[in-house]
Amino acid sequence: MLKKQLCFLLILQLCSVIQLKAQSKSAQGLKDYYKNYFPIGVAVSAHDIKDTAEANLILHEFNSLTPENAMKMGPIHPEENRYYWKDADAIVAFAQTNGLRVRGHNLCWHEQTPPWLFKGTDGKLVTKDVLLKRLKDHITTVVNRYKGKIYAWDVVNEAIDDDSTKFLRNSLWYQICGEDFIAKAFEYAHEADPKAVLFYNDYNTERTEKRERVYRLLKKLVDAGVPINGVGIQAHWSIDEPSQQDLIATIKKFSSLGLKVQVTELDISIYPWEKNKRALRPGEKDAYTPELEKKQDERYAEVFKIFREYKNVISGVTFWNISDKRTWLDDYPVAGRKNYPLLFDQQLQRKKAYWSVVDFKQ
Ligand code: GLA
């Protein structure tokens with residue numbers, strides 16, 4: 001009888017120790033596990049921060065915010081003489097109140113541009129002088145408004161062509177200004193806020209051909225004395241890529257220029273990256289299988305191990321969206337194909353991959 005009671009007591013004690021351990025584990029957020037490494041950020045909308053459950057999760061897990069869309073030129077500057085500040089202001093105010101840092105995103109991009117930007121009242125494309133003046137006005141106004149509240153800016157986004165045989169993207173920026181718009185954007189941003197850390201930001205930077213072309217651009221800018229401080233590796237990855245070697249090669253190559261590296265838009269899709277491969281094929285099931293989950297878990301563990309190893313040059317890691325409840329990948333590249341690329345599930349609970357990411361000696 002006594003033996004039985006003792007056994008029971010022992011089990012009870014063991015349970016409470018396990019519970020305590022679990023509690024102290026979940027009391028920490030990603031930002032706490034990584035406090036000796038780099039800030040951990042997340043891309044948000046003004047709507048996300050109004051939702052209590054999501055706001056709580058943000059505050060528990062992250063210490064940096066990127067406005068997902070609110071500061072892009074189209075949303076924030078819809079007409080030449082009108083800015084729309086409400087959403088961007090709300091995100092910055094939330095960050096200020098709660099002591100989070102903010103990465104501004106972005107000042108010059110070929111997508112999500114306002115309709116007035118490239119054209120005059122006659123409907124024709126504007127001249128280089130006019131476009132650069134518009135760019136300067138835009139950058140000066142936006143950067144000034146958040147001076148001291150935004151510590152880093154993605155100044156130029158995705159200026160390299162998708163065609164590996166070409167260098168710069170043939171965007172309207174490029175057609176009208178030639179490559180000058182890139183250096184000018186950095187100069188205008190630096191003039192507006194000399195303390196802001198300025199980034200060039202792009203995707204697929206781990207692929208050899210893209211890495212070389214991004215490097216060529218960065219080197220040109222650095223050699224010309226353009227005020228650029230860092231490079232954003234967007235990190236819209238998948239369970240199939242990048243390889244460890246390619247990721248390491250990219251971090252090493254970019255940082256060899258004396259630039260800081262930030263992982264700016266991290267998510268790990270359960271589908272391959274190529275648009276045609278990601279589309280649902282006839283007969284194919286669209287499920288987040290345990291096998292896919294395991295692959296994703298391993299991939300997350302692998303890339304974070306590399307991030308930690310390169311903490312001397314990596315100054316931030318940001319996830320693109322909060323949880324699998326809503327991710328831009330649900331509608332990209334095909335609308336309505338659910339994806340599960342993040343560390344929190346659709347109920348905002350931590351996934352297995354979360355525990356792999358924080359499973360290291362702090
Ligand atoms: C790019 C942009 C981001 C965002 C994503 C998709 O990576 O830099 O701002 O638009 O595409 O959500």
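Begin by selecting S255, which is found in helix α10, the helix that covers residues 244-255. The model on display is a predicted one. Is S255 buried or exposed? With a relative accessible area of 18%, S255 is buried, because a residue counts as buried under 20%. Next, add V261 and V313 to the selection: leaving aside neighbours within four places in sequence, these are the residues in contact with S255.

For a contrast, move to G99. This residue has its place in the loop between α5 (86-98) and β3 (101-108). The relative accessible area of G99 is 63%, and G99 therefore counts as exposed, the cut-off being over 50%. Now select L59 as well and draw a line between the two C-alpha atoms. L59 and G99 are 40 residues apart in sequence, and their C-alpha atoms are 9.4 Å apart in space.

Now display the whole protein. It contains 13 helices and nine strands. Of its 362 residues, 50% count as buried. The surface that the protein exposes comes to about 17,300 Å², and carbon and sulfur atoms supply 54% of it. Consider also the contacts between residues at least 6 apart in sequence: 77% of them join residues at least 24 apart.

The next stop is the interior. In soluble globular proteins, nonpolar side chains tend to be buried together. Here, the largest nonpolar core has 104 residues. Which residues have the most contacts inside this core? They are W153, L266, F304 and F307, and these four may be selected together. Then colour helix α8, residues 180-192, which gives the core its largest share, eight residues.

Keep L266 selected and show what surrounds it. Not counting residues up to four places away in sequence, L266 touches F304 and F307. The list of residues that L266 touches also includes Q234, A235, W237, Y300, V317, T318, F319, W320 and L342.

The tour ends with empty space. Rolling a probe the size of a water molecule over the atoms shows where such space is left. How many cavities of 30 Å³ or more does the structure hold? There are four. The largest cavity contains about 60 Å³ of space. To find the largest cavity, select the residues that line it: C108, W109, H110, V156, N157, E158, A159, R169, S171, W173 and F181. Colouring this lining by class gives six nonpolar, three polar and two charged residues.

How values were computed:
Residues are numbered from 1 along each chain as its sequence is written. This is a predicted model: local features need pLDDT of at least 70, side-chain atom pairs count only at pLDDT 80 or more; totals for chains, interfaces and linings use all residues. Side-chain values use heavy atoms; hydrogens and water are left out. On a 1 Å grid over the protein atoms alone, a cavity is a set of points where a 1.4 Å probe fits but cannot get out, and a pocket is an open set with protein on both sides within 12 Å along at least five of seven lines; lining residues have an atom within 4 Å of a point. Grid points are joined across faces, edges and corners, and a volume is the space filled by probe spheres set on the points. Ala, Val, Leu, Ile, Met, Phe, Trp, Tyr, Cys and Pro count as nonpolar, Asp, Glu, Lys and Arg as charged, and the others, Gly among them, as polar. Helices (H or I, at least four residues) and strands (E, at least two) are DSSP runs, numbered from the N terminus. Buried means under 20% relative accessible area, exposed over 50%, partly exposed in between (1.4 Å probe, protein chains only). Contact means heavy atoms within 4.5 Å. Accessible areas come from the Shrake-Rupley method with a 1.4 Å probe; for residues, only the protein chains shown count as cover. A nonpolar core is a set of buried Ala, Val, Leu, Ile, Met, Phe, Trp, Tyr and Cys residues joined through side-chain atoms within 4.5 Å.
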